Each structure stands twice: as structure tokens, then as C-alpha cells.
Amino acid sequence: MATRVRPGNKRCAVIGGSGFLGRHLVEKLLDKGYTVSVFDIRQSYELPGVTFHLGDLCDPQALAPALRDVSLVFHCASPAPGSDNRALFETVNIKGTRTVIQACAEAGVQKLVLTSSASVVFEGTDIKNGGEDLPYAKKPIDYYTETKIEQEKLVLAACDKEKGFLTVAIRPHGIFGPRDPQLVPILVDTARRGKMKFIIGDGTNLVDFTFVENVVHGHILAAERLRADSPICGKPYHITNDEPVRFWDFMSDVLVGLGYAAPRYHLPYTLVYGLALLLWLLALILRPLVSIKPTFTPMRVALAGTHHYYSCERAKQDMGYKPVVGLKEGIARTVQSYPHLRQGA
Ligand SMILES: NC(=O)C1=CN([C@@H]2O[C@H](COP(=O)(O)OP(=O)(O)OC[C@H]3O[C@@H](n4cnc5c(N)ncnc54)[C@H](OP(=O)(O)O)[C@@H]3O)[C@@H](O)[C@H]2O)C=CC1
Ligand SMILES: CC(C)=CCC[C@@H](C)[C@H]1CC[C@H]2C3=C(CC[C@]12C)[C@@]1(C)CCC(=O)C[C@@H]1CC3
């Protein structure tokens, strides 16, 4: 076990710092006077004040140099949720997170902030204003969620005030913003293929979409409030925009902002879910022969057609969280940042 790094030093590490959320987090940490060590499987940019360490987080020897002299670690690396590679999720999110915890202990790190996900309690059915006391999903909607649950449990259980190792988990939901590689690109691709004409269900289902800077703000607040006498030790926190919005209004605002038509025609939820399930089964059966990647997976239909929004009351109370960018402004800034995805570009 290494000696403890001087508490409060402004050196931190961001595991997954080359990714969408990770890079926004790194930029804000630099603004706040931290020096940052990024550990990632790839390097996607260069910035003064940032040292990159490339490697797989499952490899303790690769991780160690990134955690040297660091008192605070953010862990926001994960395989992309769209993958159906169960073994990869298990290796990176479960085994890899154990490695991260062990490497933190060996390096004398004092605080670990995990990026979890609000979807750890989502089973594909309505959640309205869900609190952190909801049980973990018994039937998680996919391997990604299944392994995010185990990852969160591992990190929270590792919180040990006696040993001076403090942990907390941030559960964001539907992160969006400039440079997001998922939400806007998938949406625009679907629109360009002429498949964004339909609204699944009656279109009134409310969902949280969270602007990336609010997610970053929640992470940094949690890190700075994480002390042995703080109520946040070993707990999960929902971080949202605190403005649930109709899923289809959000999609329409982004689409219209980029010059595409908003979806108009309604399809019954159960019909679309049933078809998605059939297609998923067909893709599974035919997998040895052909690779089919359906747009409408059961998971996506559930995300698009149910209520799932979460209360961030606990984060407000325990860490003084308040979103720093409203939804309308977040959408405007996001739309503006994708000139290459505009209709006709
Ligand atoms: N985006 C969202 O809406 C939400 C995200 N989250 C969580 O937030 C976190 C960040 O998500 P996001 O920024 O969107 O994801 P990204 O995929 O953009 O970022 C994750 C980064 O981790 C890297 N990575 C993956 N596997 C490894 C590995 N084995 N070793 C080292 N680095 C690795 C990725 O590299 P590569 O790209 O090459 O795989 C990528 O650079 C994740 O934990 C995710 O579960 C939670 C809720 C919602
Ligand atoms: C709220 C939340 C958890 C958002 C996460 C991001 C993605 C899961 C969504 C981003 C774009 C969405 C999308 C669909 C499903 C959910 C997303 C992938 C559809 C495939 C749903 C069915 C359609 O009619 C087309 C949609 C395209 C965009």
C-alpha cells in the first residue's frame, strides 16, 4: 500500500478522459486550476495541463503511472452502450472497475468519483421522479446496464472512511451537448434515412436529458464535497437538468434546429415494441449467417416510449447541486455545434 497523497492537492486523474463526458470534465477541471492526468484507451485531443496515459483500464501496470501523486480520480470510461458484446462489458465495467479500485488503493488515492447511470434502476417500464432509493433493476434492459449496476455496487462498497478512501457515484441520464458521439448523430442518421416520421405512443412520455456541463458540475461538486464527515460518502446521486421533457419534443427541437422535419405520425407503443422484439430475435437467430443492426431495438423503443425521469433532490440537499445550463440553452448550444449534421450540409 502506497503512502497517502497529500489531501487537497490539485492533481486528479480522469479515466475515460478522451471520451465525450471525460473531455468536458477535463476542460472544466483545468479551468478550476487542476492539473489532469488522463487515462484512456485512445487519445482524442491535446491540451496544456493534461498528461495522457494510454492503455486498457483492466491492466494495473498501465494504470499505475496515471494515478501517481493523484488524490482524486474520476472514472468515466465504459464501452459504448450500443454494443451487445457482453464479455467486453463484463471485462471493462466489472473486472476493470475492480482493477481501478485496487490501483487507487495502491497509489494512495483518497477519492474516487464514478460515473454510473440512472438507468441502473430502469427495467423498461415507467419511472416518474424516481429517487435513489429505487432498487437496482432486477431485469436490466441490456448488458451495459447489467454491468453498470455491478460497477456501481463495487465502487460504493469500496468506500472506507477508516482507510481514508472515499467514493461516490454520479448517475446522469441522457447526456447531450457539443461533441456527443451518440444522441445527435444517431438521431440525424435516422432522420436522413427517412425513419424519423413516427412518434412511438402518444408522445407525452417525460424523460430527462441532461446537458453535459450540468453532469460535469455534479461530478466536481461531488468530488469537492467528498470528505469523511460528509453525507455523500458511499452513496449514488442522480444528476439531471431537473427539467423533464417530452421525449418526442426534445427529439423534435433538435431535429428542427438542424433543419429536419419533426416526427408526426403516431404508432402504438406495444405494436412497435413487439416488432422490435421480433426483429431482435431474428437478428439473434441469423447472427451466424448475417449481421443485422436494427434501428428499432426493444431497448431503444423502451427508451423512446416510456416515462423515465429522476429526482435530483438528494444532490440538491447533500451537495448544493443546481443545474448551471437550462434545457433550452443546452439544446441551442448543441444544435449550433453540429454544422456538419445540418440538413443539406
Ligand atoms: N452518454 C450518456 O448519455 C450517458 C453516459 N453515462 C456514463 O458516462 C460515462 C461516459 O460516457 P460517454 O462520455 O458518453 O462515453 P464515451 O464512449 O464517449 O467515453 C468513454 C471513454 O472510455 C474509453 N474506454 C472504453 N473502454 C476503455 C478501457 N478498457 N480502458 C480505457 N478506456 C476505455 C472510450 O474509448 P473508446 O471510445 O475507444 O471505446 C472512451 O474514450 C460512461 O461511464 C457511461 O456509462 C451514463 C449515463 C448517460
Ligand atoms: C433519454 C436517453 C436515455 C437518451 C439516451 C440516448 C439514446 C438511447 C437515444 C438517442 C437517440 C435516440 C433515438 C431513438 C431511441 C433512443 C436514442 C437512441 C430511436 C431509435 C427511437 C425510435 C425511433 O423512432 C427513432 C429514434 C432515433 C433516436
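Which residue offers a polar backbone atom 3.0 Å from a nitrogen atom of ligand 1? In this predicted model, the residue in question is L57, whose polar backbone atom lies at that distance of 3.0 Å from the ligand nitrogen. Two further polar approaches involve oxygen atoms of ligand 1: an N or O atom in the side chain of Y144 is found 2.5 Å from a ligand oxygen, and a polar backbone atom of I175 is placed 3.0 Å from a ligand oxygen. Taken alone, ligand 1 exposes 880 Å², of which the protein buries 84%.

The surroundings of ligand 1 comprise 23 residues, and those that come nearest are F20, L21, D40, Y144 and K148. With regard to secondary structure, at least two residues of this shell are supplied by each of the helices α1 (20-31) and α4 (143-157). By class, the shell around ligand 1 divides into 10 nonpolar, nine polar and four charged residues.

For ligand 2, the surrounding residues number 16, with M196, V207, F209, F296 and L303 coming nearest. On its own, ligand 2 has 590 Å² of accessible area, and 91% of this is covered by the protein. The elements that contribute two or more residues to the shell are α5 (183-192) and α9 (298-305). The class composition of the shell around ligand 2 is 10 nonpolar, four polar and two charged residues.

Attention may also be given to S37, which is located in strand β2, spanning residues 35-40. The relative accessible area of S37 is 1%, so this residue is classed as buried. A polar atom of the S37 side chain lies 2.8 Å from the backbone oxygen of A66, and A66 is also listed among the residues that S37 touches when those up to four places away in sequence are not counted, together with R11, C12, A13, V14, T51 and H53.

Finally, the cysteine residues were examined for covalent pairing, and the structure was found to hold zero disulfides. The sulfur of C159 has its closest cysteine sulfur in C233, at 4.7 Å, and this pair is not bonded because the separation is too far for a bond, a disulfide being assigned only to cysteine sulfur atoms within 2.5 Å. The relation holds in the other direction as well, since the cysteine sulfur closest to that of C233 is the one in C159, at 4.7 Å. C233 itself has a relative accessibility of 12% and therefore counts as buried, the limit for this class being under 20%.

Terms used
Residues are numbered from 1 along each chain as its sequence is written. Chains are lettered from A and ligands numbered from 1 in the order in which they are written. This is a predicted model: local features need pLDDT of at least 70, side-chain atom pairs count only at pLDDT 80 or more; totals for chains, interfaces and linings use all residues. Side-chain values use heavy atoms; hydrogens and water are left out. A residue is near a molecule or strand if one of its heavy atoms lies within 4 Å of it. Accessible areas come from the Shrake-Rupley method with a 1.4 Å probe; for residues, only the protein chains shown count as cover. Helices (H or I, at least four residues) and strands (E, at least two) are DSSP runs, numbered from the N terminus. Ala, Val, Leu, Ile, Met, Phe, Trp, Tyr, Cys and Pro count as nonpolar, Asp, Glu, Lys and Arg as charged, and the others, Gly among them, as polar. Buried means under 20% relative accessible area, exposed over 50%, partly exposed in between (1.4 Å probe, protein chains only). A polar contact is a pair of N or O atoms within 3.5 Å; within protein, one must be able to donate a hydrogen and the other to accept it, and residues adjacent in sequence count only if both atoms are side-chain atoms. Contact means heavy atoms within 4.5 Å.
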